[in-house]
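Open your viewer and get comfortable. We will move from one selection to the next and look at what is there.

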Amino acid sequence: MRTSDSLRKTYGETLVELGKDNKNIVLMEADLGNSTMSSLFAAAYPERYFQMGIAEQNMASTAAGLSLTGKIPFINSFAVFASGRAYDQIRSSITIANLNVKICGSSAGLSDYGDGKTHQSIDDIALMQVLPHMTVLSPCDAVETEQMVKAMVASKGPVYIRINRNDLPIVTNPNAEYHIGKMTQIVEGKDVVVFATGIMVQQSMAAAELLKKEGISVRVVNVSTIKPLDKDVLLGYCDGVKAVVTAEEHSIIGGLGSTVASALSKSRLPLEILGVGDCYGTSAENYDILLKHYGLEPKDVAQKVRDVLAVK
Amino acid sequence: MEYSQEIVKELKRKAIQVRANILEMIPPGKVGHLGGSSSIADVMAALYFHTMKVSRTNPKDPGRDRLIMSKGHAVLVQYACLAELGYFDRSELGKVKTFNGMLQGHPDMDRTPGIEAVTGSLGQGLSVSLGMALGLRLDKSENRVYAILGDGELAEGQIWEAVMAASVYKASNLCAIIDWNGVQATSTTAEIFPIANLVEKWKSFGWNVIEIDGHDMVQILKALDAAKAYTDGPTAILAHTIKGKCFPFAEGKAKYHNAAMNDEEYKIAWQCIETMKREVEA
Ligand SMILES: Cc1ncc(C[n+]2csc(CCOP(=O)(O)OP(=O)(O)O)c2C)c(N)n1
C-alpha cells in the first residue's frame with residue numbers, strides 16, 4: 001500500500017514492480033528520466049529502457065512502432081512536451097490506429113513552478129481529450145497513481161496520465177477498488193457538488209470544510225478519469241444539489257470544466273468553472289504562490305461555491 | 001550475388017503489373033498520386049516479390065517482414081503490390097478513396113490487409129519503423145523492417161531524430177529507402193528545400209549508405225541484399241528515381257504529384273504499359 005506522497009516516484013516504482021512479470025512493458029524517455037522517475041525502470045531493466053534523446057516526436061512515433069510488435073511502451077516527458085510537442089505524432093501515429101501506447105505527462109499543471117510558462121502545462125487535458133480513442137487520467141494522490149499505472153498496463157489503447165511534480169497528501173482510500181472511468185465521492189454534502197481533479201481535490205475538500213462553518217454543505221467528487229467521463233454517474237452526483245462547480249489546475253477552456261459543462265447541458269443546474277484563466281503560467285519561488293495567484297486555493301473554491309449559489 | 005535472368009525478368013514483369021494496377025486506380029478524371037507511386041514501383045516490386053518475407057495467404061503472418069510507407073500519399077503503389085499478393089480482391093482497386101472503402105486515401109492499418117501502420121502525416125514513418133525494429137529485436141525475431149521515404153519528406157525534422165536514434169541503437173534490421181526523385185508536391189526539391197550532400201549526411205549519422213539507380217532491377221536487388229548482410233547498424237538506400245517513371249508525359253513533373261489524367265493521357269499511359277511489356281519479353 002502506498003504511503004509516499006510523491007506521485008512521480010510512485011509512478012516509477014509501480015512500473016518497476018509491474019515490469020518484473022510483464023516483459024512487454026518498455027519505457028522511453030527524452031532526457032528527463034530523473035524528473036519523471038522513469039529512471040527507476042532504467043536501473044531495473046536497462047534492455048527495456050530507451051533513452052531517445054531530446055526528440056519527443058521521434059519518441060512518440062517509435063512508441064507506436066514498438067506497440068505494433070506487441071510491446072506496451074510508456075513514453076515519458078514533462079506534460080507540456082509529452083502532449084504538445086508530439087501532438088501530431090500522437091494523433092497520426094498512435095491514436096488513429098488506437099495503439100497501445102501510454103503517455104506520461106510529468107510536472108503537469110503549474111507544478112513545475114520555477115521553470116515558468118514554457119514548462120507549465122495547462123492545456124494538456126484539452127489537447128489529449130480531443131483525440132478519439134485517447135483515455136485521459138489525472139490522479140489526485142500517490143494511491144491513485146499506483147492504481148492507475150496498474151490499470152494502464154491492463155488496458156488496451158492509448159492512455160495519457162498527467163502527474164503532479166509536487167508531493168500531494170493521500171486523500172483517496174487505498175482499499176477502494178479502482179477502475180478507469182470511475183469517479184468517487186470524497187466528501188458527502190447536499191447543497192453543491194464540486195467536481196475536482198488532481199490537486200484541486202484536496203483544495204475542494206478544504207473548501208468544503210470552510211463552507212461547513214457557513215452552513216453550506218458541499219459534496220466533493222474526485223474526477224480522476226477526465227475521459228471517458230461517466231455521464232450517468234456524474235448526473236447521479238448532481239441529484240438533489242442546487243448547483244455545480246468544477247475545479248482543475250488547467251485552462252478553463254477544454255478541460256474538466258468544459259467536459260462537465262457539455263455533460264450537464266440538458267440540466268438546469270447553475271455551473272461555475274474554476275481553473276486557470278485564458279493565459280500562460282509564470283515562474284515563482286514555490287508552488288503555493290502560483291496556486292494563490294491563479295486562484296486555485298481552497299478559499300477560491302469556496303468563493304465559486306458561494307457565487308454559484310447566488311445564481312438564480 | 002548474381003541473379004538469374006529469369007528472376008530479374010519476372011520482377012520487371014511484376015513492376016509493370018504494379019504500374020498497371022496504379023493506372024487502374026486512377027481512371028481519367030480521378031485524382032491520384034501517380035508521380036510518387038510510379039517512381040518507387042520498381043523498388044516496391046523487388047521488395048514484395050523477392051526480398052521481403054511475406055505470406056501470400058496471411059497478411060498478419062508473425063514471421064513477416066514489415067514495410068512502412070512513410071510517404072503515405074504514394075500508397076497506391078503499395079495497394080498495387082498487395083493486390084498482386086492477393087490480400088484483397090482486385091475489384092477493390094477501382095474503389096480506392098471512395099466512401100468507407102477498404103483502400104483509403106492514405107494507409108490505414110485497420111482497413112487494409114497488409115498495411116502495417118497509419119501514415120500520411122509526413123516524417124513519422126521512419127520512427128514507427130524504428131520502433132518496430134526495436135520491438136522485433138527484443139523478441140529475437142529475424143524479421144526486418146523497410147521504410148519508404150520521399151526526398152521532400154526529409155525536410156521534416158523528425159526524420160533526422162529517427163536517423164540519429166536508429167544509429168544509436170544500431171538497428172541493423174531497419175532499412176530506409178529514399179525515393180530520390182527530386183520533385184515534391186509543388187515543385188522540385190532543388191527549388192523548394194534543397195538538402196546538400198545527402199549521401200554524406202546519412203553516412204555521417206552512422207548509417208550504411210548505398211546509392212543506386214532506383215529503376216535498375218539488378219542494382220535494387222543487390223542493394224537490398226547488401227542491406228540484409230550489413231549487421232553493424234541501419235542501412236539507407238538512396239535510390240535515384242524519376243517521378244512519374246514510365247509515363248513520359250508525367251515524368252519529372254510536379255503537376256502529376258497528385259493529378260487527374262485526361263482521356264488522352266490515360267490512353268497513352270496504357271500504351272506505355274504495353275510497350276514496356278514488349279520490351280521486357282524481347
Ligand atoms: C506533415 C505533412 N506536410 C505536408 C503534407 C502534404 N504533402 C503530401 S505529399 C507532399 C510532397 C512529398 O514529396 P516527397 O516526399 O518528395 O514525395 P514524392 O515526391 O516521392 O511523392 C506534401 C507536401 C503531408 N502529407 N504531411
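Start by selecting residues 56-67 of chain A, helix H4, together with residues 125-138 of chain B, helix H5. These two helices pack at an angle of about 45 degrees, and their axes are 6 Å apart. Helices here are DSSP runs of H or I with at least four residues, and strands are E runs of at least two, numbered from the N terminus. Axes are lines fitted to C-alpha atoms, for helices over the stretch in contact, with angles from 0 to 180 degrees between N-to-C directions. H4(A) and H5(B) are therefore oblique to each other (under 35 degrees is roughly parallel, over 145 roughly antiparallel, 65 to 115 roughly perpendicular, the rest oblique).

This is a predicted model, where local features need pLDDT of at least 70, side-chain atom pairs count only at pLDDT 80 or more, and totals for chains, interfaces and linings use all residues. Residues are numbered from 1 along each chain as its sequence is written, chains are lettered from A and ligands numbered from 1 in the order written, and side-chain values use heavy atoms, leaving out hydrogens and water.

Next, stay in chain A and pick His133(A). This residue has a positive phi of about 80 degrees although it is not a glycine. His133(A) sits in the loop between helix H7 (124-129) and strand S5 (135-137).

Now jump to Pro228(A), in the loop between strand S10 (225-227) and helix H10 (231-238) of chain A. Is the peptide bond from Lys227(A) to Pro228(A) cis or trans? That bond is cis, with omega near 0 degrees.

Finally, select the ligand and show polar contacts (N or O pairs within 3.5 Å). A backbone N or O atom of Val183(B) lies 2.6 Å from a ligand oxygen, and a polar backbone atom of Gly120(B) is 2.8 Å from a ligand nitrogen.

Notes
Polar contact = N/O pair within 3.5 Å; in protein donor to acceptor, adjacent residues only side chain to side chain.
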